[in-house]
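Colleague: Please take a close look at one part of this model for me. I would like the helix that helps line the pocket, with its surroundings.

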Amino acid sequence: MQELVADVFARNCASRRTLESVTGKWGVLALVALREGAYRFNALRRRVDGVSEKMLAQTLQTLERDGLVHREVLATIPARVEYTLTPLGAEIAEQLRVLVELLEAKVPQVTEAQADYDARKK
């Protein structure tokens, strides 16, 4: 049996599809938010400000399919659903957290670069 070699640069590689779901705007934000702990759907939607119910549901479903998010239906009345990170999801979310914190720290430099670029384009 031939060993599968992942290559994100290859058009049909499964790693590319996972990269797309993880690095999409809502995927990054959902994963980093779930680092904080378990969230119910509406609480996560409030945490990820601006995401629609439909987009969050699709994002969570994709991340669950990829093995990054665990969805648990709690036997309560009414039934509750909680989302948590799997060990794989936690590992990936930690790397995303580092990227998010770097981007947040560099906002002044990005803003300055944007202003300089815009001034040159006028």
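Modeller: What follows starts at the pocket, moves to the helix pair, and ends at the sheet. Keep in mind that this is a predicted model.

The largest pocket has a volume of about 190 Å³. Two elements give two or more residues each to its lining: α2 (25-34) and α5 (87-105). α5 gives the most, with four residues. The lining residues include Leu 29, Val 32 and Ala 33, along with Arg 97, Val 100, Glu 101 and Glu 104. Also on the list are Glu 36, Arg 47, Val 48 and Asp 49. By type, the lining splits into six charged and five nonpolar residues, with no polar ones.

Now the helix pair. The axes of α2 and α5 come within 9 Å. They cross at roughly 105°. An angle of 65 to 115 degrees counts as roughly perpendicular, so α2 and α5 are roughly perpendicular to each other. On the α2 side, Val 28, Leu 31 and Val 32 make the contact. On the α5 side, the contact is made by Ile 92, Ala 93, Leu 96, Arg 97 and Val 100. Seven of these contact residues are nonpolar, one is charged and none is polar. Val 32 of α2 appears in the contact and also in the pocket lining. Arg 97 and Val 100 of α5 are in the contact too, and both line the pocket.

Next, the sheet. α2 lies across β1, β2 and β3. Its direction is about 95° to β3. The three strands form an open sheet, ordered β1-β3-β2, with antiparallel pairing. β1 (39-40) and β2 (69-74) are at the edges with a single partner strand each, so one side of each has no neighbour in the sheet.

The pairings can be followed residue by residue. β1 and β3 run antiparallel and are joined by two bridges. Tyr 39 has Tyr 83 in β3 as its bridge partner. Six antiparallel bridges pair β2 with β3 (residues 80-85). Arg 71 is also bridged to Tyr 83 of β3. Tyr 83 is thus a bridge partner of both Tyr 39 and Arg 71. Glu 72 stands opposite Glu 82 in β3. A hairpin of five residues connects β2 to β3.

To put α2 back in place: this helix contacts α5 through Val 28, Leu 31 and Val 32, lies across the three strands β1, β2 and β3, and gives two or more residues to the pocket lining.

Methods: Residues are numbered from 1 along each chain as its sequence is written. This is a predicted model: local features need pLDDT of at least 70, side-chain atom pairs count only at pLDDT 80 or more; totals for chains, interfaces and linings use all residues. Side-chain values use heavy atoms; hydrogens and water are left out. On a 1 Å grid over the protein atoms alone, a cavity is a set of points where a 1.4 Å probe fits but cannot get out, and a pocket is an open set with protein on both sides within 12 Å along at least five of seven lines; lining residues have an atom within 4 Å of a point. Grid points are joined across faces, edges and corners, and a volume is the space filled by probe spheres set on the points. Ala, Val, Leu, Ile, Met, Phe, Trp, Tyr, Cys and Pro count as nonpolar, Asp, Glu, Lys and Arg as charged, and the others, Gly among them, as polar. Axes are lines fitted to C-alpha atoms, for helices over the stretch in contact, and angles run from 0 to 180 degrees between N-to-C directions. Angles under 35 degrees count as roughly parallel, over 145 as roughly antiparallel, 65 to 115 as roughly perpendicular and the rest as oblique. Contact means heavy atoms within 4.5 Å. Two strands pair if DSSP finds at least two bridges between them.
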